[in-house]
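Thank you all for making the time this morning. I would like to walk through one structure with you, slowly, and take the parts in turn.

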Amino acid sequence: MIRLRQIIQHSAVRFWTILFAVTWLLSQYSWDLYKVLDARWIIKYPAAARLPLESKISSFMQWLVEDASFGLFSFRDLTRFIASLIEGPYDFARDLLIEGFSVGLGNEAVEIAPSLSWIAIIVTLVAMGHYARDWKLAALMGGCFLYLAVFGQWDSAMITLASVLIAVPIGAVGGLMLGIFAYRWVVFEQVIRPVLDLMQTVPVFAYLVPILFLFGFGPVSALVATIIYAMPPMVRVTILALRNVPSEVKDVGVMVGCTKHQLMWKVMVPSAAPMLMVGVNQVIMLSLNMVIIASMIGAGGLGFDVLTALRRLDIGGGIEAGVAIVVMAIALDRLSQAFATRVAADHQLDPDLPLVKRHPWTTTVLVVAIGTFLLARLLPGIQSYPEAATLSTGTFWSDIIRYINVNYFDTFEAVKTAFLSYLLLPVKRFFVGIPWAWGIIVMTMIGWRVGGLGLSVMTGLFTAFIAASGLWDKAMVTVYLCGVSVLIASGIGIPVGILAAQNDRANRVINSLIDTLQTLPSFVYLIPVVMLFRVGDFSAMIAVVLYALAPAVRYAAHGIRNVDPQLIEAGLVSGCTPRQLLWRIKLPMALPELLLGLNQTIMLALSMLVITALVGTRDLGQQVYIALTKADSGLGIVAGLSVAFIAIIADRILSASAKRAKQRLGLTS
Amino acid sequence: MEKPILLDCRNVWKIYGAQASRVHAEHRGNPSAETLRNQGLIGAVRNASVQIRQGEIFVIMGLSGSGKSTLVRCLSRLIEPTGGEILFEGQDLLTMSDKELIEIRRKKMGMVFQHFALLPHLTVLQNAAFPLEIQGMGKAEREARAREVVELVGLKGREDYYPRQLSGGQQQRVGIARSLAVEPDLWFLDEPFSALDPLIRREMQDEFLRLQNLLHKTIVFITHDFDEAIRLADRIAVMKDGEIVQIATPEELILNPATDYVEEFTRHIPRSKVLTLGSVMSPGAVAGEVGGDLQATQRIEDCADQIEASDLPFRVLSEDGTVVGSIGRQVVVDILIGRKVLL
């Protein structure tokens, strides 16, 4: 075994070439092989040997909802209890922001107090912007929300904001608490870490189905899904932030005689606060990312508008609501980032000042809220933005798209056809043709080659799971779409990253572009793409490439910039041309970072791929989506797990390669 | 008469690695270096015994990796030692309950850290008042006390600054103020000046000596800088590879280094700054004319000019005024130019 390994290691190139050649041959001729040998199992996993997981999970869910009981209360009571915990605050936030408070049900409802006026809400956000940073941010906040009012998105936006207001605190505090537990008890961390890994790779759709089952259609389900989706990064950030507190600071706490509780809340958490705020920012962005997906199980608001527009192919409406989400995402992102980096005023305020002067913003907000409340009795336009004054960009967008489609249809069609016939289809044929049995063997071999025995067992088993679930063909479509998209994203992203690393001005432009790309909720990418290229693999690919571009650029730039300057100087002194410097020194040294970037690109591509099921891809994402519409928990979870396994395999193989590359370059300390 | 022992540390071990305590117990609390190596264990502190007396400055000196930081963390029980006893005012810290330990740390111990370890979200005043806040002292009372210590370390007027607005030296002053706020009996300083520039370091050492003259604390001071150790210490423990090589006063270290390792450190130290007349004089009464009388406890540095200027030898007197020996120009010159002298 060891000898075999030595031989193989001496011939890395030969290993990969032979592996690819055999795979290609088998892929090309699997059909003929089946005909000649009359062995149908070659191309189709035998139905008799399929794992009956789907039906098992489905019946388990059924049992959970209908019969499960903990003695004193049933499982149903538990979910109702959780639902009521979330529903109360959510209703309050919604009443406060848009609906107004009322008593009674249905037609008998009597309004007892109106919601905050739109003016009051905007002033509050402006005040927060100024408090968190400066007038510039305040102006941005004001501008963004004024946009929502003027362009008629206010009502939907407030419903979305209400759900963000509920999901973010629960997600952030919940994540913080879980992170603290994991930090304190190693055992708990060991339990939670694989769960977190899985949570971040399982597509959201997969757990929408069981949530739908447990909580029913409605805003509560949507909030639960959002919280589950947004919490894992907060847990990770919390663990990391607490670990990063210098050990001396912790020692200070112990030496002054802190109890465990004091140590955590007076020393550790405040010292970790700046980094924890980064986690909160993540929670906000992920919550916004979820608004469209969550609207499939009952969230209203902007997400619902986008979804219905997508379904009706209402170009203008979709773009309008999509832009509104983007505007809101940008505003909340900048605001939370400002809070994260906010430094306390250098000198404390004079406590002798009157209350009003010490808190000018709180006072202003209160005055405006009460003032508009009173004035609204006379002028209804103060309570809610007058409809007559709204502008609609819907027709404008529709016209643009129509114009492009009328005049450039042939060009677009030609590009699309070229891509399809020269890139997408051949690759698709290659992947789909691979017989499942050989697929398992290949993955085992790659795992063994890159990471040794442990990894090979894992990759082999995961691949076998996918085959045994009867999802092999769908999985191969996912791999092909993901592969092509990642290839293109890297092909664009890495050169752009290199450019950003070598040129400061380009760096600034590229950075702000990438920042914006990353702020956009994933769904937004779909809208223009579908409008221009209609449904299909090509549209899906473009959306995935756009979404997955950012990490390729980031990691490439970071890798190149972090090459030891002494090495570059050594290269210069040896007389390297800039081109030689790049190819001989910078790129090889940046290889581990590039691999990590590739890893991230794949992860993002997979998560986006599932969403593109909405535009008609026929991969695992579609299976999950079908499961959602049929409320089939079993199929949803199995297909979701398959996507997660593909992601985990890719992650582990690339991490192992990056580690090996680092060792070879002597970069490990 | 010797002062009473405040902290008595007996046969303390800190071994890292799997089953460290089993190996420690199996070898009756004294595993050899070879045993540890064979078991794949690391002996960060090996069989350390030190007695720290009331009011002295006890310096633990060693290069990085010598185990000095681990030892001081064992003494304060920030790290759980693998074996041994640590008696603080007669009570064993290691068998103490968490509650008792918290009580002792709150009232009787203070510690200063190498990288200052100030809490970034608190002002200078709040940092200094932090230990008192933890004890539950009221705001007015603790801030009054914090103001005193902040003034004591010379930062009056900067109470409302945040740590990030201060220089390194100022930050460490805050660290010192914080550790003094509870009026500790035992004061640990873990390489307090190592992260500072040489000039500032010197200034902080002077400041430290000034404070000690006012406060007379019992001090355990960690450093990797032998000059600093010589300058500040009443007694020094030199550590190497987890073991204490020698415990002695600065003068004894220079006169009788226990090993070549210790001698290596002492070699470049100007002897005139450390040695006293009592240790270099020729013992016995002097006959004939003398240049004058000097005290046996005087450092050579302080009276070198006087001796060098005179052709005659000087009489050396003990504290009660009896003549214990004599010293001439030749010895002083030998010491000043660093010539090997047989003492």
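I will go from the core to one helix, then to a single tyrosine, and end with the contact between the chains.

Please keep in mind that this is a predicted model, in which local features need pLDDT of at least 70 and side-chain atom pairs count only at pLDDT 80 or more, while totals for chains, interfaces and linings use all residues. Residues are numbered from 1 along each chain as its sequence is written, and chains are lettered from A, with ligands numbered from 1, in the order in which they are written.

Let me begin with the largest nonpolar core, where a nonpolar core is a set of buried Ala, Val, Leu, Ile, Met, Phe, Trp, Tyr and Cys residues joined through C-beta atoms within 7 Å. Buried here means that 20 or more other C-beta atoms lie within 10 Å of the residue's own, exposed means 12 or fewer, and partly exposed is in between, with C-beta atoms placed from the backbone. This core holds 295 residues, of which Leu208(A), Ala225(A) and Ala605(A) touch the most other members. Its main contributor is helix H24 of chain A, residues 537-561, with 18 residues; helices are DSSP runs of H or I, at least four residues long, numbered from the N terminus. Among the residues that Ala225(A) touches, leaving aside those up to four places away in sequence, are Leu208(A), Met290(A) and Ile297(A), contact being C-beta atoms, placed from the backbone, within 7 Å.

Now to helix H20 of chain A, residues 453-468, whose 16 residues reach 22 Å from first C-alpha to last, close to the 22 Å expected at 1.5 Å a residue, that is, 1.5 Å times one less than the number of residues. Its buried residues include Leu455(A), Phe462(A) and Ile466(A), and because the buried residues fall within an arc of 165 degrees seen down the axis, they line one face of H20(A), the arc being that of the directions from the helix axis to the C-beta atoms. Helices H19, H21 and H28 of chain A are among what covers them, whereas Leu453(A) and Gly454(A) are exposed on the face turned away.

Is Tyr183(A), in helix H7 of chain A, buried or exposed? Tyr183(A) counts as buried, because it has 20 C-beta neighbours inside 10 Å, and it touches Ile239(A) and Leu242(A), again not counting residues up to four places away in sequence.

Finally, 20 residues of chain A are in contact with 21 residues of chain B, and helices H11 and H12 of chain A each supply at least two residues of the chain A side.

How values were computed: Contact = placed C-beta atoms within 7 Å.
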